[in-house]
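I sat down with this one to see where empty space is left inside, then to skim the chains. Here are my notes, in the order I looked things up.

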Amino acid sequence: MEGKVPTIPLKKTRRKMSKTSLEKKEARDAWIMMSPAIIILLLIAVYPIIRTFWISLHEMVLTDPSSGYPFIGFENYVKIFNDQRAMDSIVFTLKFTVVTVFFELLLGFGAAMLMNKAFKGRGFVRASILVPWAIPTTVSALMWKFIYNDQYGLFNDILTRLHVIDSYQAWLSSSSGSFMALVITDVWKTAPFIALLTLAGLQMIPKELYESAKIDGANKFQIFLNITLPLVKYTVIVALLFRTLDAFRVFELITVMTGGANGTESLSVYAYNNLMKFLDFGYGSAMSMLIFAVVFLISLIYMKALGNKLTDF
Amino acid sequence: MKRGKMKKLLVTLILAIMMVSIIGCSGNTESSGEASNGEGNEKVTIRFSFDQGVGEPTQKIVDKYNESQDKVHVETVILPQDANVVHDDFVNKLASGDTSVDVMALDVVYVAEFAAAGWLEDLGQYFDQSTQSRYLPGTIEGATYNGKLVAFPWFTNASVLFYRQDIIDQLGVEVPTTYQGWMDLEEKIKDLDEIKYVSNFQAAKSEALVCNWVEYIWNNGGDVLDESGSPVVNTSNNVEATEIMLDLVENYSPEGITTYNEPESEQVFLDGKSLFIRDWSGFWNSANAEGSKVAGKVGATTLPIGPNGEEPHSALGGLDLVINKFIDDEHKEAAVDFLRYMASEETQKEMTLISAQPPVLKSVYEDADVLAEIPFYEKFYGIIEGGKSRPMSPKYAKVSDAIQRNIHQALSGETEVKTALDQLQSELEELNK
Amino acid sequence: MESKGASILKNTLFYALILLFLVAILLPFVWQFLTSIKPLTEIAAIPAKWFPSEINVDFYKNVFTKHPFAKYLFNSFIVSLATTILSILIGASAAYALARLRFRGKTIMLMAILSISMFPTISTISPLYLILKNLNLLNTYAGLIIPYITFALPLSIWLLTNFFSQLPKGFEDAATIDGCSRAGIFFRIMLPLIKPATFSVALLVFINSWNEYIYALTFMTKDEMRTVPVGIALFPSNYELPWGDMAAASVVVTVPLILLVLIFQKNIISGLTSGGVKE
């Protein structure tokens, strides 16, 4: 013990110095650890964004090469806000996003809670929840289109047997029917995503917490509010963030099921139409940038909700 | 110390990526080795991209070509049968000046668009006037833009009215030639168990709708554009024609018809539930295929006309072959040789026989073997001759989109027919400026 | 304690809910499966016919004989596996830094990572095609894997950051005292601790790559390099819309994924059992 006394002051100084250099080292290690991700993202993801932005500042309609594709600044963006069809697509997209995310959260979270308990066959149920997510969107959209078919669709069949409807309906022929069909199909496919992630979050809550709470006499509701919810909140928010962004960018589901008919043209579909159908690369690129901006905005909002929980240490 | 471990991590990652690329590259060299292996010195390889719609028969034709000579080797790049997917794939490649595909099978409606974008090689120098005259004039017209031949027709198509011959016989009536004539049969089929709907066609918001609608217009003495190319969609004849279409949709067709493309509508007819179906000529084969409920019971005739129509016109479809403007001369030459093969009498005949796609070469329609195999072509030739093209324009995508939206709204009951057509008229006028 | 009656009622209710849930989730898939074994004439029967009168394996035969489906499966497997492993490694590495190390600019990094990869796919196809072409990566596995990793990164980074941040703070210090290096801490302690999360994320990344369509279609033009979603899209032709074949294909395509989940069950289940904390 005495031998250490003279070294203590030395250690103290060293520790003071190494604290800052420790911090620096930490920061450097952090950047090294993040570098592969950064490199890939820069190479692959950033170039298309820059190129698209550049194109959006020009008038570029491919079928009119003689125009020389002049620079027009933000004219394309102004055009979006004067375009009723673009506005309609934004409204529809927002409606769709809010409704689907709401139901996905409800059903996904509920399913995760159910599966968190140990019961016979839990493994099978857990494997099953991935089935909707596992089927490629193009295949499942076609499958559901078949299900909604007015002549021999499963949907009509079941509803008729349950006496909910009298005769087979043409669900996809109206705007409300189409909306409902799209929501059901999307929720079916993606609630499992939320369920799986929520479950992972629930599984990481130490069982000891539940045990000691029970010993303290807490009831199920209190346990849920004070232990489960707070600890799983952030996982759920992150899952929701991704789902919101995906829902906002909905594309394949719509092109396969309705083609954008009956008021179901989403922003991505309209952007696509401008870009690839009308070959108006300038305008289509501007719309892509708009989608990007909204995505960024939504992420910001979610970040606020997360506070600094994710990165606080 | 920590650094070292960090580096190790990075190195492992990089190695992993490299390994994967190597595995990847082996996929690449494998296939490019095939073509350059073995055969003659000056063999040029060209790539031909088309869709799975006629995938199998085309592959056979291509194989035959490759075997028949050793100057050109054609590799096929098959895309899914989805007009949008195919269009987009071509656009993505051509917009970046890509030379990985030399010959493409392009839907006739896109020819003007691609030509205007400057992506198509001028073919006038390779196929002279007398050659061109051996082909159906409508198809040559459709392959011409601004007076230049920018594509060469491969096969064509036109719509036909297929109907249940057995039911017509049973009812003891003549095959109707007007829309009203068909609608009048509604009363009579009520007593029959099997037939639920008199009418059946495609009214989903898609290109199919455009084809259907223009036929109603043409068959009632109207048109989309007048001689000078200005839109005239809201004339009284056109309003009348669209009202007839709406009537059929609401009262005589399957309930979901505004969501039907060809597959859905065909299903209904094949189940024996509709009296007629308007569809592309190739449906003849499906209707009479083994296992079809209606095999042997199907008749074919021209489309009906409306009160102000004189003769029926079917919409023309089909695929043209185009050559990528950006490839080098050696490949262009090879591509032209391939095109000549595809347009030759022998190949046109064979293609028709194995693919059930109508040829563009006139003489094939009179070929004895073909008529023996497909007697239906005798009647069909008249239909093809009377076929009309949809309005050709570099802006066709926008025109089609405008038609799809407005007409679908009218057929869904969301707007009045007159309002929809007025709206369409103003949108087309905008585009024309 | 509850009475036996109440307990039985609760259990029954519970299982009923589970059953209802299962039915809702699996019904369309079961329908697909039944369709895939029905005789041809019964597929579009009206009213919908539920159970096939006889089992028909023709569609399954077709899937593998009419198309090089086995090759498609192989390609999908290679691409998805590589994407998953690399995304997890690269993602976890970045996530660890974001969650457990101190430096500035974390929020910006997270935001950037997320939004960059949420850019509309349609606008990325043309430029990416150019990049890959110039790097000679078209028709190679790497040509798909690299873009796939790019778009899997935000998901894995965000989720793994989240899970890493939930681990108690004491670990690093304890391990450092024991003489562990940063990399050692990362590989031997942190990663295993969030195993349930890692496997869940891995599963999602795998599935996303497995099902990706548009890049697979554009960047792989040679038939022998194609992946499953494109393969299925190539089934329909003018001569048939083969519902039966497509149903069989979608069953074939989904089964490996289900198997994967069943195999890795245990890894998704475990929570923070005694091991980690007490050590």
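**Cavities first**

I went for the largest cavity, and its volume comes to about 160 Å³. Note to self: this is a predicted model. I also counted the cavities of 30 Å³ or more, and the structure holds 6 of them.

Which residues sit closest to the centre of the largest cavity? I get B:Val108, B:Val109, B:Gly142, B:Leu316 and B:Ser389, out of 17 that line it. Next I checked which elements give two or more residues to that lining: in chain B they are helix H6 (137–142), strand S6 (152–164) and strand S9 (316–323). I sorted the lining by class too, and got 8 nonpolar, 7 polar and 2 charged residues.

Why does the largest cavity lie between two domains of chain B? Domain 1 (42–157 + 316–384) and domain 2 (158–314 + 392–432) both contribute lining residues, so the cavity lies between them.

**Chain A**

I pulled up the domain assignment here: domain 1 covers 2–40 and domain 2 covers 85–312. Taken over C-alpha atoms, the centres of these two domains of chain A are 45 Å apart.

**Chain C**

I found 13 helices and 0 strands in chain C, so to speak an α-α-α-α-α-α-α-α-α-α-α-α-α pattern when read along the sequence. Of its 279 residues, 63% count as buried. I then looked at contacts in chain C with a separation of 6 or more, and 71% of them join residues 24 or more positions apart. Last entry: the accessible surface of chain C is about 10800 Å², with 69% of that belonging to carbon and sulfur atoms.

Note on methods. Residues numbered from 1 in each chain as written. Chains lettered and ligands numbered in written order. Predicted model: local features only at pLDDT ≥ 70, side-chain atom pairs only at ≥ 80, totals over all residues. Heavy atoms only, no water. 1 Å grid on protein atoms, 1.4 Å probe; cavity = no way out; pocket = protein on both sides within 12 Å on 5 of 7 lines; lining within 4 Å. Points joined across faces, edges and corners; volume = space filled by probe spheres on them. Helix = DSSP H or I, 4+ residues; strand = E, 2+ residues; numbered from the N terminus. Nonpolar A, V, L, I, M, F, W, Y, C, P; charged D, E, K, R; others polar. Domains from an automatic or database assignment. Buried < 20%, exposed > 50% of the residue type's maximum accessible area, 1.4 Å probe, protein only. Contact = heavy atoms within 4.5 Å. Areas by Shrake-Rupley, 256 points an atom, 1.4 Å probe, with all protein chains shown as cover.
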